[in-house]
Amino acid sequence: MHKKLENYLEEISHFLSGREEREEILAEIRSHILEKAEQETGPAGEATLEKVIAAYGEPRRVAEKYLDGRPVIAPAFQRHLFRYASLLFAVHLVFILLAVIFKKSFIVFPFLFVPRMGVIGAVFYLPMAFLADFGVVALVLYFISRSGREIKLPWPKFALDLDEVKPADAKTVANKVAAMVGAGTMLALTGLAVNLFVKHRTIFFFTTNFGKFRPLFMPEPGRLISLALIATLAAGTIGLIVKAFSLSRRLACWVDAVVDSFALVMIAMVLRQQYTDFFAVRIPVSPAHQTWIYTTLTVTLLFIALMVAIDLVANVVRLGRRRPAK
Amino acid sequence: MDNELGSIETEMKRGFLQLLVLVLLEKDAYGYAMVRAFRDLGYEVEENTLYPLLRRLEKRGLVQGKWDLSEERPRKFFAVTPSGREMRDGLLDIWRKQDEVLKHMIKENRHA
């Protein structure tokens with residue numbers, strides 16, 4: 001019994017789980033390795049076997065050569081996966097927005113159920129919705145691939161074509177300079193914001209005659225929104241600094257995705273607060289108009305969140321590709 | 001360049017190895033002996049590629065495998081079947097035709 005050889009075969013066996021001829025495959029490999037070790041390097045000791053095993057290859061790669069290698073989704077349909085998932089997600093997104101705005105649940109039988117939810121619920125529901133849509137499309141394409149029939153799927157064009165989204169060219173001098181200028185500006189802005197916050201506990205002010213500046217928001221919401229904005233600015237600054245000094249496009253995508261995710265969390269944190277008295281300034285309008293102002297602010301933040309989410313999805317698509325487009 | 005050449009060589013070898021195996025197995029042989037036979041002719045074959053190929057050929061009925069348990073170490077011997085011979089002859093015809101086309105084109109290039 002050669003321990004190293006048996007461990008190696010055990011690993012190969014793991015990757016061949018469920019195959020009827022597994023034992024015979026392992027017997028063939030065992031016989032070959034022992035024979036080679038004896039014939040080429042002398043008696044089959046553990047050290048000799050180790051060399052022969054290393055030459056035979058990594059267990060997973062060895063096992064994969066026995067597998068049929070039929071793709072789960074036929075190559076002709078692989079490009080449809082993100083395209084159709086994005087389309088389905090767009091429909092899903094509309095229903096999610098309707099569910100949030102009208103505080104109702106929606107059922108599009110039998111495909112879609114969108115429960116009634118608040119803003120914070122929607123922020124957490126969105127990634128799950130995308131995964132569910134992606135899974136449904138993948139499943140349909142899997143069955144189409146397995147059927148082996150000559151099916152021609154339509155290829156819808158988007159205004160924002162995620163499939164043709166090109167990663168930012170991190171290698172050009174212009175982009176480097178832009179990233180450095182951006183990083184410098186953001187750094188200055190972040191510094192200014194931090195300075196203001198340390199002195200006044202807020203970074204939002206208002207004035208009517210450029211004389212005396214007064215805080216725009218009440219202390220508690222003012223502090224929270226200021227901190228959220230400072231944190232987002234800081235994340236953006238770090239992202240730009242990393243991009244300015246890195247040549248990797250993939251790293252740039254990762255940085256953008258992390259900054260986008262962070263911004264989404266910050267927006268969610270602000271939206272989560274249920275302040276009734278938000279402004280420190282008395283606005284001389286009716287309660288109905290005040291509600292309208294709050295709704296407009298919420299919708300604006302939701303719109304920003306949507307834009308950030310689109311950028312996040314685009315970055316995830318870029319990262320999902322085997323190689324970034326050249 | 002070397003990487004690209006290597007990857008094209010791998011693609012070319014994929015089909016060629018099937019033909020080589022079907023030709024070699026006119027006489028019974030086991031895996032390791034086959035690797036040695038190819039190597040003696042200056043043709044390197046990845047061991048971990050040969051066995052899966054033999055298995056696929058066996059499944060398609062082109063070669064037949066049989067374990068020899070008479071020795072201290074069991075060995076699986078392979079031999080070409082009648083269908084395998086038929087396939088081999090067909091592949092050899094294709095090979096000769098391709099070889100002729102290639103030689104003809106190289107000759108034309110020299111005269112051009």
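I'm calling angles under 35 degrees roughly parallel, over 145 roughly antiparallel, 65 to 115 roughly perpendicular and the rest oblique. The model is predicted, so I keep local features at pLDDT of at least 70 and side-chain atom pairs at pLDDT 80 or more, while totals for chains, interfaces and linings use all residues. Residues count from 1 along each chain as written, with chains lettered from A and ligands numbered from 1 in written order.

Looked up helix 7 (residues 173–200) and helix 8 (residues 219–245) of chain A; helices are DSSP runs (H or I, at least four residues; strands are E, at least two) numbered from the N terminus. Their axes come within 8 Å and cross at roughly 155°, with axes fitted to C-alpha atoms over the stretch in contact and angles running from 0 to 180 degrees between N-to-C directions. Helix 7 and helix 8 of chain A are therefore roughly antiparallel. I noted the residues making this contact (C-beta atoms, placed from the backbone, within 7 Å), among them A:Ala183 and A:Leu187 of helix 7 and A:Leu233 and A:Thr237 of helix 8.

Next I checked helix 2 (residues 22–41) and helix 3 (residues 46–56) of chain A, whose axes come within 9 Å and cross at roughly 120°. Contributors include A:Ile33 and A:Ala37 from helix 2 and A:Val52 and A:Tyr56 from helix 3.

Last, the chain contact: I find twelve residues from chain B and 13 residues from chain A. On the side of chain B that touches chain A, helix 3 (47–59), helix 2 (31–40) and strand 3 (75–80) of chain B each supply at least two residues. Helix 3 of chain B gives the largest share, six residues.

Definitions and conventions:
Contact = placed C-beta atoms within 7 Å.
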